[in-house]
Amino acid sequence: MFEIKSNSLKEKIYEILDKPAEEQLEEQDALKIESLNLDYFNDLNNDYDLKELIYFKNIENLSLSDFLLGKEEIEIINNLKNLKQLYLSTCDFEEENIYIELANIETLNIVDCERFNIKNIVNLNPEMLVIKQSDDNKLTLNINDFKNLDRTRELFLNNYNIKNINVLNKIAPNLEVLNIDGSICDFSDFDKKNINISHEETSL
């Protein structure tokens, strides 16, 4: 049975579809939604339940800010088979052993997410991948933790202490853009041929 209990999500749907508030939401309304931007702290009612994303089967672009992501929430996201772009900002991964599995993902952005680990996305192979942390963190990111990035053409790894950057030559053979602004990295064994590289000491 179709029922969205979250007032915050209801308001989003009414706004996106320009649907009169007196009309009841139906399952077909959720199927019309192709893009959602949900911010847990800034949206008015703060009663989101990400499990209700299950109704948005045709969604292609999803942006989530300030959410706690556990196994159940990630499983719901993994079942959004038409999802092409996923943006996670200041979210908190509840535990290490949860995996984002989206075969059709084209763009993945992970910005300032707590307890995020490469293992959470190890099976993904997007065309554009952005992983960014705050300047003062400088966590270690080991390229060996990636499995395969042969579809990836644009890669942003900002504000990390990057290990084994040379491995990208093997696992990301089609890489065209590499942005590692704010990161610490040793390029001594890296083949830069045909790659547009940006490496500024601080990332804005």
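This report describes the sheet, selected loop residues, the cysteines and the largest pocket of a predicted model.

Residues are numbered from 1 along each chain as its sequence is written, and side-chain values use heavy atoms, with hydrogens and water left out. Because the model is predicted, local features need pLDDT of at least 70 and side-chain atom pairs count only at pLDDT 80 or more, whereas totals for chains, interfaces and linings use all residues.

## The sheet

Helices (H or I, at least four residues) and strands (E, at least two) are DSSP runs, numbered from the N terminus. Two strands pair if DSSP finds at least two bridges between them.

Eight strands form an open sheet in the order E1-E2-E4-E6-E7-E9-E11-E12, and the pairing is parallel. The edges are held by strand E1 (35–39) and strand E12 (196–198); each has a single partner strand, so one side of each is left without a neighbour in the sheet. From one strand to the next the twist averages 5°, where axes are lines fitted to C-alpha atoms, for helices over the stretch in contact, and angles run from 0 to 180 degrees between N-to-C directions. In a regular strand the side chains alternate between the two faces of the sheet.

Three of the pairings can be followed residue by residue. Strand E2 (residues 61–65) runs parallel to strand E4 (residues 85–89) and is joined to it by 5 bridges; Leu-64 has Leu-88 in E4 as its bridge partner. Strand E6 (residues 107–111) and strand E7 (residues 128–132) are likewise parallel and joined by 5 bridges, with Thr-107 opposite Met-128 in E7. E7 also pairs in the parallel sense with strand E9 (residues 154–158), over 5 bridges, and here Leu-129 stands opposite Leu-155 in E9.

## Residues in the loops

Burial is graded by relative accessible area: buried means under 20%, exposed over 50%, and partly exposed in between (1.4 Å probe, protein chains only).

Three loop residues are described here by a C-alpha separation from a residue elsewhere along the chain. Ile-54 lies in the loop between E1 and E2 and is partly exposed, at 44% relative accessibility. Asn-125, in the loop between E6 and E7, counts as buried at 13%. Val-167, in the loop between E10 and H4, is also buried, at 18% relative accessibility. The table gives the C-alpha separations.

| Loop residue | Partner residue | Separation along the chain | C-alpha separation |
|---|---|---|---|
| Ile-54 | Leu-80 | 26 residues | 7.4 Å |
| Asn-125 | Leu-108 | 17 residues | 9.3 Å |
| Val-167 | Asp-191 | 24 residues | 9.8 Å |

Two further loop residues are notable for backbone geometry. Most residues other than glycine have a negative phi, and most peptide bonds are trans. Asp-66 is not a glycine, yet has a positive phi of about 65°. Asp-66 sits in the loop between E2 and strand E3 (68–69) and is partly exposed, with 23% relative accessibility. Asn-164, also a residue other than glycine, has a positive phi near 60°. Asn-164 is placed in the loop between strand E10 (160–163) and helix H4 (168–171), and at 33% relative accessibility counts as partly exposed.

## Cysteines

A disulfide is a covalent bond between the sulfur atoms of two cysteines. It is identified here as a pair of cysteine sulfur atoms within 2.5 Å, and by this rule the count is 0 disulfides. For Cys-91, the closest cysteine sulfur is that of Cys-113, at 4.8 Å, which is too far for a bond. Cys-91 is buried, with a relative accessible area of 0%. Cys-185 is buried too, with a relative accessible area of 17%.

## The largest pocket

On a 1 Å grid over the protein atoms alone, a pocket is an open set of points where a 1.4 Å probe fits, with protein on both sides within 12 Å along at least five of seven lines; lining residues have an atom within 4 Å of a point. Grid points are joined across faces, edges and corners, and a volume is the space filled by probe spheres set on the points.

The largest pocket holds about 290 Å³ of space. Its lining comprises 16 residues, and Phe-116, Asn-117, Gln-133, Leu-139 and Tyr-160 lie nearest the centre. Strand E8 (residues 139–142) contributes the largest share of this lining, 4 residues. By residue class, the lining of the largest pocket divides into 6 nonpolar, 6 polar and 4 charged residues, where Ala, Val, Leu, Ile, Met, Phe, Trp, Tyr, Cys and Pro count as nonpolar, Asp, Glu, Lys and Arg as charged, and the others, Gly among them, as polar.
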